[in-house]
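Colleague: I would like to go through the labels on this model and ask what each one rests on.
Modeller: Go ahead; here is the entry.

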Amino acid sequence: MKVLVINGPNLNMLGVREPAIYGTGTYADLERICREAAADNGFDDIEVFQSNHEGAIVDKIQEAWGTVDGIVINPAAYTHTSVAILDALKAVAIPAIEVHISDVDAREAFRQVSYAGMACIARVAGEGLNGYRHAIEMLSERLA
Ligand code: DQA
């Protein structure tokens, strides 16, 4: 079983970026948490991908078709704007879980809209980097 973890813009800046909101963990920490969670939950393969570019994220979702069993996605700011990412998730129809490090529902009104979430089976928000572990556990249960 393979899980693909997709991270959107500015998540490569974790640790530096607004630590009061996103914490002091780095992108390397995020990647380590995902790899450990995948190994602990029956996945024998994982890819952790990050891009600041919407089209690159759409390409990655399309490439997952036929090769990946489940997706964990934090589209970051594109969550709130990208019909293209929503459509890509719908096109491949791979079970996907949406993750947000912060509690987006408790923030600005514009962060309370999620296009990608409309194609996801569940959402984890406000659990910090450990939310990725939670999402991978949920995905594993769903795929079992
Ligand atoms: C985020 C929340 C988004 O609103 C924001 O644009 C991000 C990160 C989160 O993980 O909390 O970049 O997706």
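Modeller: This is a predicted model. The largest nonpolar core has 25 residues, and those that touch the most other members are Val3, Val5, Leu30, Cys34, Val72 and Tyr132.

Colleague: Which elements give two or more residues to this core?

Modeller: They are β1 (2-7), α2 (27-40), β2 (45-50), β4 (96-100) and α5 (130-143). The largest share, six residues, comes from α2.

Colleague: What is valine 5 in contact with, leaving aside its neighbours within four places in sequence?

Modeller: Valine 5 has contacts with Cys34, Ile46, Glu47, Val48, Phe49, Val72, Tyr132 and Ile136. There is also a second, separate core of 19 residues, with Leu4, Ile73, Ile85 and Ala88 among them.

Colleague: Why is cysteine 34 called buried?

Modeller: Its relative accessible area is 0%. Buried means under 20%, so cysteine 34 is buried.

Colleague: And what makes cysteine 120 buried?

Modeller: The value for cysteine 120 is 15%. That is set against the cut-off of under 20%, and therefore cysteine 120 counts as buried too.

Colleague: How many disulfides does a search of the whole structure find?

Modeller: Zero.

Colleague: Why is cysteine 34 not in a bond with the closest cysteine sulfur?

Modeller: That sulfur belongs to cysteine 120 and is 15 Å from the sulfur of cysteine 34. A disulfide needs the two sulfur atoms within 2.5 Å, so the pair is too far for a bond. Looked at from the other side, cysteine 120 has the sulfur of cysteine 34 as its nearest, 15 Å away, and is in no disulfide.

Colleague: Which residues surround the ligand?

Modeller: Arg17, Tyr22, Asn74, Ala76, Ala77, His80, His100, Ile101, Ser102, Val104 and Arg111.

Colleague: What makes histidine 80, histidine 100 and serine 102 polar contacts of the ligand?

Modeller: In each case an oxygen atom of the ligand is paired with an N or O atom in the side chain: 2.7 Å for histidine 80, 2.8 Å for histidine 100 and 2.6 Å for serine 102. A polar contact is a pair of N or O atoms within 3.5 Å, so these pairs qualify. The protein covers 99% of the 320 Å² of accessible area that the ligand has on its own.

Colleague: Where is serine 102 found, and why does serine 102 count as buried?

Modeller: Serine 102 is in the loop between β4 and β5 (122-125). Its relative accessibility is 6%, and the limit is under 20%, so serine 102 is buried. Apart from neighbours within four places in sequence, serine 102 is in contact with Ile21, Tyr22, Arg107, Ala125 and Gly126.

Methods:
Residues are numbered from 1 along each chain as its sequence is written. This is a predicted model: local features need pLDDT of at least 70, side-chain atom pairs count only at pLDDT 80 or more; totals for chains, interfaces and linings use all residues. Side-chain values use heavy atoms; hydrogens and water are left out. Buried means under 20% relative accessible area, exposed over 50%, partly exposed in between (1.4 Å probe, protein chains only). A nonpolar core is a set of buried Ala, Val, Leu, Ile, Met, Phe, Trp, Tyr and Cys residues joined through side-chain atoms within 4.5 Å. Helices (H or I, at least four residues) and strands (E, at least two) are DSSP runs, numbered from the N terminus. Contact means heavy atoms within 4.5 Å. A residue is near a molecule or strand if one of its heavy atoms lies within 4 Å of it. A polar contact is a pair of N or O atoms within 3.5 Å; within protein, one must be able to donate a hydrogen and the other to accept it, and residues adjacent in sequence count only if both atoms are side-chain atoms. Accessible areas come from the Shrake-Rupley method with a 1.4 Å probe; for residues, only the protein chains shown count as cover.
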